[in-house]
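Here are a few friendly notes to read alongside the model. Keep the viewer open and find each residue as you go.

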Amino acid sequence: MDYRTQAPQVLRDFLTYHETIQGHSKRTVDEYFLDLRNFFRYIKIERGLAPRSAELDEIGIDDVNLDLVRSVTLSDVYSYMSYLSRARSKHPNSRDSEYGLTPAARARKIATIRSFYKYLTNKAKLISENPMQDLDSPRLKKTLPRYLDLDGSIRLLEAVDGPFKERDYCILTLFLNCGLRISELIGLNTTDVREDQLRVLGKGNKERILYLNDACRDALKSWLEVRNMGALIDKNALFVSNRRTRISKAAVEKLVKKYLLAAGLDSAQYSPHKLRHTAATLMLQNGVDVRTLQEVLGHEHLNTTQIYTHVDNESLRAAARANPLGRVRRSTSRKGGADKNADDQIS
């Protein structure tokens with residue numbers, strides 16, 4: 001898929017801006033294209049520019065122009081959201097797919113549409129007023145991140161064994177101590193390790209520096225000694241596969257699942273990203289303030305980091321202990337009427 005050949009000019013300029021100026025990854029830009037392509041397919045049907053009997057995925061958008069883009073209203077977007085929540089297949093290529101996209105999936109599409117019209121108004125100056133200025137996103141259910149406790153984390157590390165134990169132990173150690181994203185870990189080069197510092201390239205090609213503790217430095221030292229013993233196809237990659245090429249996302253996911261099972265942990269509940277949650281939670285529980293944690297994790301917005309403050313908040317524990325009723329317990333004895341009355345009052 002290449003948006004440069006499939007997208008009309010008005011969309012192509014927006015996507016190029018995000019790729020070249022904003023520095024977004026190819027994957028992110030491709031997702032923007034897919035979101036906008038699907039939206040304007042729907043708009044074409046609503047405007048009578050494509051037959052209602054047509055399959056949405058078969059409608060071309062090469063004729064989408066600025067006039068059509070300008071004509072879109074908030075009502076059109078909300079109508080599209082209604083369609084996505086009711087009639088859109090979750091997995092278009094599956095015969096057994098359920099229908100209706102989740103609020104999170106719809107929120108991402110809303111964000112793409114909002115970003116597109118903001119670009120047209122503020123950057124390209126192709127429209128004078130942004131029709132999506134007041135566009136609301138679906139209300140999302142707030143869920144707390146799942147994470148391993150300290151005992152579970154230690155069990156996971158102790159489960160590492162086998163011919164690639166130095167590499168795998170180092171990978172798990174970095175996940176659990178540095179809170180890396182899986183894309184950040186597999187993108188690491190040997191030159192990113194600088195004594196007690198690790199250079200990490202995060203989302204949007206934003207660079208951050210993490211400081212390595214003793215556990216990370218020891219794990220890296222052991223792995224690098226093994227790594228440098230054989231001939232490598234990818235001489236830059238910090239972590240390589242048994243084929244001596246840069247390790248893949250799938251390989252990292254597989255090894256994490258392998259050691260979760262070996263440690264007696266639920267591999268269906270945890271993943272490399274849950275190890276990132278684990279690192280964040282353990283740091284917060286042990287005195288790291290939320291703004292420092294934001295820098296460590298590479299979050300653009302503080303509210304993304306603040307979800308971890310609800311996982312294990314000592315001030316909430318203190319509030320529970322402060323309630324005087326917290327010391328009242330039901331009596332197990334029945335000695336006379338006075339005791340019985342007291343029991344009845346607190347039942």
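1. Let's begin with Cys 178, which is buried in this predicted model. Its relative accessible area is 4%, and buried means a value under 20%. Cys 216 is buried as well, with a relative accessible area of 1%.

2. Now look at the sulfur atoms of these two residues. How far is the sulfur of Cys 216 from Cys 178? The distance is 4.0 Å, and the sulfur of Cys 216 is the nearest cysteine sulfur to Cys 178. Seen from the other side, the nearest cysteine sulfur to Cys 216 is that of Cys 178. A disulfide needs the two sulfur atoms within 2.5 Å, so this pair does not count as one. A search of the whole structure finds 0 disulfides.

3. Next, turn to the sheet. It is open and has 3 strands in the order β1-β2-β3, with antiparallel pairing. β1 (193-194) and β3 (207-211) are the edge strands, each pairing on one side only. As background, strands of a sheet pair through backbone hydrogen bonds, either parallel or antiparallel. Between β1 and β2 (residues 197-201) there are 2 bridges. To see a bridge for yourself, find Val 193 and then its partner in β2, Leu 198.

4. Stay here for a moment and find Glu 195, in the loop between β1 and β2. Is Glu 195 buried or exposed? Its relative accessibility is 72%, so Glu 195 counts as exposed. Glu 195 also has a positive phi of about 55°, although it is not a glycine. That deserves a second look because most residues other than glycine have a negative phi.

5. Arg 244 is another residue with a positive phi, about 70°, and it is not a glycine either. You will find Arg 244 in the loop between α10 (214-227) and α11 (249-262). With a relative accessible area of 23%, Arg 244 is partly exposed.

6. Finally, visit a pair of helices. The axes of α5 (residues 74-86) and α6 (residues 103-123) come within 11 Å and cross at roughly 155°. Angles over 145 degrees count as roughly antiparallel, which is why α5 is described as roughly antiparallel to α6. The crossing of α5 and α6 is right-handed. Which residues of α5 meet α6? They are Val 77, Tyr 80, Met 81, Leu 84 and Ser 85, and on the α6 side they meet Arg 106, Lys 109, Ile 110 and Ile 113.

Conventions
Residues numbered from 1 in each chain as written. Predicted model: local features only at pLDDT ≥ 70, side-chain atom pairs only at ≥ 80, totals over all residues. Heavy atoms only, no water. Pairing = 2+ DSSP bridges. Helix = DSSP H or I, 4+ residues; strand = E, 2+ residues; numbered from the N terminus. Buried < 20%, exposed > 50% of the residue type's maximum accessible area, 1.4 Å probe, protein only. Axes fitted to C-alpha atoms, helices over the stretch in contact; angles between N-to-C directions. Parallel < 35°, antiparallel > 145°, perpendicular 65-115°, else oblique. Left-handed = near helix turned anticlockwise from the far one by under 90°. Contact = heavy atoms within 4.5 Å.
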